[in-house]
Amino acid sequence: YTDDINMCIRDLTEGKMADKVIVPTSSKQALQDALTVSGAGATIVYFGLPSADDKIEVPALDAIQSDKTIKFAWLAPLV
């Protein structure tokens with residue numbers, strides 16, 4: 001479709017950002033993309049299986065100002 005995930009989401013949602021995002025992979029880039037495509041007040045569920053050494057980074061100020069919630073789930077997520 002396109003390499004610009006923001007454009008893909010906006011095209012699919014009539015210009016809006018995602019309210020809920022499920023990240024079913026341990027990919028750090030997938031979590032970063034979830035933070036990018038989710039709108040204010042969004043819920044992101046991360047249930048990939050990372051290694052014990054994996055670390056994730058969240059742009060804290062942006063996440064707080066946009067009132068996003070990140071949930072971590074071991075098995076199937078409840079959103």
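These legends describe close-up views of a predicted model.

**View 1. Helix 2 and its buried residues.**
Helix 2 spans residues 28-37. Four of its residues are buried: Leu-31, Ala-34, Leu-35 and Val-37. An α-helix has 3.6 residues a turn, so residues three or four places apart point the same way. The buried residues of helix 2 pack against helix 1 (5-12) and against three strands: strand 1 (18-23), strand 2 (38-46) and strand 3 (69-72).

**View 2. The cap on helix 2.**
Ser-27 caps the N-terminal end of helix 2. The contact runs from a side-chain oxygen of Ser-27 to the backbone nitrogen of Gln-29. The two atoms lie 3.3 Å apart.

**View 3. The largest nonpolar core.**
Eleven residues make up this core. They are Ile-9, Met-17, Ala-18, Val-21, Val-23, Leu-31, Ala-34, Leu-35, Val-37, Ile-44 and Tyr-46. Strand 1, helix 2 and strand 2 each supply at least two of them. Helix 2 gives the largest share, four residues.

**View 4. Contacts of Leu-31.**
Leu-31 belongs to helix 2 and is buried. Residues up to four places away in sequence are not counted here. Leu-31 then touches Val-23, Ile-44, Tyr-46 and Ile-56.

**View 5. The aromatic pair.**
The structure holds one aromatic pair. The ring centres of Tyr-46 and Phe-72 are 5.9 Å apart, and the ring planes meet at 80°. Planes over 60 degrees apart count as edge-to-face, so this pair is edge-to-face. Tyr-46 sits in strand 2 and Phe-72 in strand 3, so the pair ties together parts that are 26 residues apart in sequence. Are the two partners buried or exposed? Tyr-46 has a relative accessible area of 6%, so this residue is buried. Phe-72 reaches 55% relative accessibility and so counts as exposed.

**View 6. Lys-68, a buried charged residue.**
Lys-68 is found in the loop between helix 3 (60-65) and strand 3. This lysine is buried, yet has no salt bridge. How far away is the nearest side chain of opposite charge? That side chain belongs to Asp-62, and the distance is 4.5 Å. A salt bridge needs the two charged groups within 4 Å. Lys-68 does have a polar partner in Leu-35: a polar atom of the lysine side chain lies 2.5 Å from the backbone oxygen of Leu-35. Neighbours within four places in sequence are left aside for the contact list. Lys-68 is in contact with Leu-35, Ser-38, Gly-39, Ala-42, Asp-62 and Ala-63.

Notes: Residues numbered from 1 in each chain as written. Predicted model: local features only at pLDDT ≥ 70, side-chain atom pairs only at ≥ 80, totals over all residues. Heavy atoms only, no water. Buried < 20%, exposed > 50% of the residue type's maximum accessible area, 1.4 Å probe, protein only. Contact = heavy atoms within 4.5 Å. Polar contact = N/O pair within 3.5 Å; in protein donor to acceptor, adjacent residues only side chain to side chain. Core = buried A, V, L, I, M, F, W, Y, C linked by side-chain atoms within 4.5 Å. Phe/Tyr/Trp six-rings, centres within 6.5 Å; stacked < 30°, edge-to-face > 60°. Lys, Arg positive; Asp, Glu negative; His and termini not counted.
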